[in-house]
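Please look through the model below with its two iron-containing ligands in mind, and keep the sequence at hand while reading.

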Amino acid sequence: MKNIVLFILSIPVVLFACKKDIDNNENTDVEFDDTPYVLEHSYFPAPNIAEDNQLTIQGVKLGRMLFYDKALSNDNSLSCAGCHAQGDAFSDTAQFSTGVEGLQGGRQAMAIFNMAWHGEGFFWDGRAPLLRNQSILPIQDPLEMNESLDDVIAKLGASERYRDQFKRAFGSETIDPLKISLALEQFMNSIVSVDSKYDQYLLGQETLTESEERGRQIFFTEFDPSGTLVGGECFHCHAGVNFANNEFMNNGLDGDGAQEDVGLFDVTEDPADMAKFKVPSLRNIAVSPPYMHDGRFETLEEVVAHYNSGVQPSATVDELMQYNLEPGLGLTPENIADLVAFMHTLTDQTFLSNPEYDNPF
Ligand code: HEC
Ligand code: HEC
């Protein structure tokens with residue numbers, strides 16, 4: 001009996017919902033809401049957020065829905081999060097991510113956090129000047145989601161939940177590529193990592209172990225040709241609060257002629273940019289292997305071995321790498337272990353498990 005009553009009661013609701021889907025009527029009770037999203041960022045300097053796309057609670061929410069929605073891909077099987085998983089610092093632990101067509105690109109997926117402290121230039125080769133330019137490229141990339149923007153708009157437009165959310169975020173139900181890109185930009189700008197052990201140490205709330213402290217000193221010390229100090233020279237490029245200097249550089253992975261991926265040169269066609277890649281942040285680096293644009297190193301020990309003596313000379317290798325070329329920095333196995341221990345202090349569990357960034361569906 002109870003079931004029958006419920007069934008009868010639900011009929012008008014169902015009819016109403018169907019009618020709405022067919023007519024595409026706008027939900028008049030849904031309103032534009034530009035309440036700002038407050039970006040918590042501890043001791044970090046002010047974030048660099050575009051004037052025309054300030055974060056709002058509804059915009060970030062929409063971006064988060066899009067980021068986790070497989071409808072953005074051609075066969076509805078892959079979302080952005082499929083290659084950018086929160087537990088892996090929003091990167092992929094596979095050397096090359098597999099797209100919807102089973103195809104693999106030639107680059108390692110990049111970690112996504114603290115985007116509001118990046119300079120302009122996204123992707124390993126900087127081909128997307130702003131995050132919003134970047135955000136819709138994976139949808140159309142045949143190696144990634146391989147879907148047309150028209151199809152994505154049709155799929156999202158068929159959902160009342162999305163039409164309502166676009167209206168709350170941008171004031172109208174109309175879905176277009178610009179709004180999709182702005183919402184994704186907002187969500188990605190909301191992802192912040194500022195609570196690693198190292199941050200707590202800087203704030204006087206944690207102490208480093210002896211090994212971590214020795215590693216910290218190696219990281220922040222210049223190479224000393226007299227051999228008195230053990231210096232790794234890392235901080236010049238992995239600089240500032242985000243451990244990245246917002247530049248594109250060649251850290252000597254391959255010598256001239258052996259550079260299969262030419263990086264920034266592809267974008268600028270300037271020979272001085274040959275094999276230069278975005279200097280990545282080292283925050284959360286212990287949870288986002290493998291390393292480098294092509295994921296060639298599986299462990300941080302291998303990375304340090306590269307800097308210790310594996311750097312290859314070439315026309316564009318950075319001059320800061322002069323001491324990393326043969327005979328190299330001369331780090332001992334203990335120095336290497338210390339440097340790796342220091343990099344582990346950059347892991348931020350608060351960020352990795354923050355429920356504000358996980359799947360909203
Ligand atoms: C098939 C795997 C895959 C999917 C799906 C994917 N990405 Fe990526 N992402 C990558 C790879 C690989 C790179 C590096 C590509 C390059 O540099 O050429 C990357 C780079 C990025 C970057 C650049 C970060 C930086 O520091 O410059 C951002 C931001 C990003 N992706 C966001 C997204 C968004 C948003 C989506 C969904 C619309 C998405 N990705 C879907 C694999 C993927
Ligand atoms: C001349 C600038 C420069 C210096 C100095 C430098 N790096 Fe790098 N680092 C880079 C660049 C550029 C990349 C990305 C290169 C690529 O993928 O082609 C990188 C990549 C890395 C990566 C891999 C990041 C990832 O997401 O895959 C780690 C780890 C790293 N560096 C650690 C260090 C350590 C430790 C030192 C000091 C021993 C150091 N770096 C010194 C420029 C530099």
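The report that follows takes up the surroundings of each ligand in turn and then a single aspartate.

This is a predicted model, and a good place to begin is ligand 1. Around this ligand stand 28 residues, and Cys80, Cys83, His84, Phe123 and Trp124 are the closest of them. When the residues of this shell are sorted by character, 15 turn out to be nonpolar, nine are polar and four are charged. Three helices, namely helix 3 (80-83), helix 4 (131-135) and helix 5 (137-140), each give at least two residues to the shell, and helix 4 provides the largest share, which is three residues.

Which residue of the protein serves as donor to the iron atom of ligand 1? The single protein donor is His84, whose NE2 atom is 2.1 Å away from the iron. His84 is placed in the loop between helix 3 and helix 4. Besides the iron, other atoms of ligand 1 also have polar partners in the protein, as the table shows.

| Residue | Atom on the protein side | Atom of ligand 1 | Distance |
|---|---|---|---|
| His84 | side-chain N or O | nitrogen | 2.9 Å |
| Trp124 | backbone N or O | oxygen | 2.9 Å |
| Arg127 | polar side-chain atom | oxygen | 3.0 Å |

The iron atom of ligand 2 is coordinated by two residues, His238 through NE2 and Tyr307 through OH, at 1.9 to 2.1 Å. The two residues are 69 residues apart and link distant parts of the chain, since His238 belongs to the loop between helix 10 (210-219) and strand 1 (248-249), whereas Tyr307 belongs to helix 12 (residues 300-310). The site has six donor atoms with angles of 83 to 179° among them, and its geometry is octahedral. As a point of comparison, the ideal angles for six octahedral donors are 90 or 180 degrees. Both His238 and Tyr307 are buried.

The last residue to consider is Asp92, which, like His84, is found in the loop between helix 3 and helix 4. Is Asp92 buried or exposed? Its relative accessible area is 14%, and because buried means under 20%, Asp92 counts as buried. If neighbours within four places in sequence are set aside, Asp92 is in contact with Cys83, Ser97, Gln108, Ala109, Pro289 and Pro290. Of these partners, Pro289 is 197 residues away from Asp92 along the chain, although the C-alpha atoms of the two residues are separated by 7.9 Å.

How values were computed:
Residues are numbered from 1 along each chain as its sequence is written. Chains are lettered from A and ligands numbered from 1 in the order in which they are written. This is a predicted model: local features need pLDDT of at least 70, side-chain atom pairs count only at pLDDT 80 or more; totals for chains, interfaces and linings use all residues. Side-chain values use heavy atoms; hydrogens and water are left out. Donors are N, O and S atoms within 2.8 Å of the metal (3.2 Å for Na, K and Ca); water is not among the atoms, so sites may look incomplete. Four donors count as tetrahedral if all angles lie between 85 and 135 degrees; four count as square planar and six as octahedral if opposite donors are over 155 degrees apart and all others between 65 and 115; anything else is irregular. Helices (H or I, at least four residues) and strands (E, at least two) are DSSP runs, numbered from the N terminus. Buried means under 20% relative accessible area, exposed over 50%, partly exposed in between (1.4 Å probe, protein chains only). A residue is near a molecule or strand if one of its heavy atoms lies within 4 Å of it. A polar contact is a pair of N or O atoms within 3.5 Å; within protein, one must be able to donate a hydrogen and the other to accept it, and residues adjacent in sequence count only if both atoms are side-chain atoms. Ala, Val, Leu, Ile, Met, Phe, Trp, Tyr, Cys and Pro count as nonpolar, Asp, Glu, Lys and Arg as charged, and the others, Gly among them, as polar. Contact means heavy atoms within 4.5 Å.
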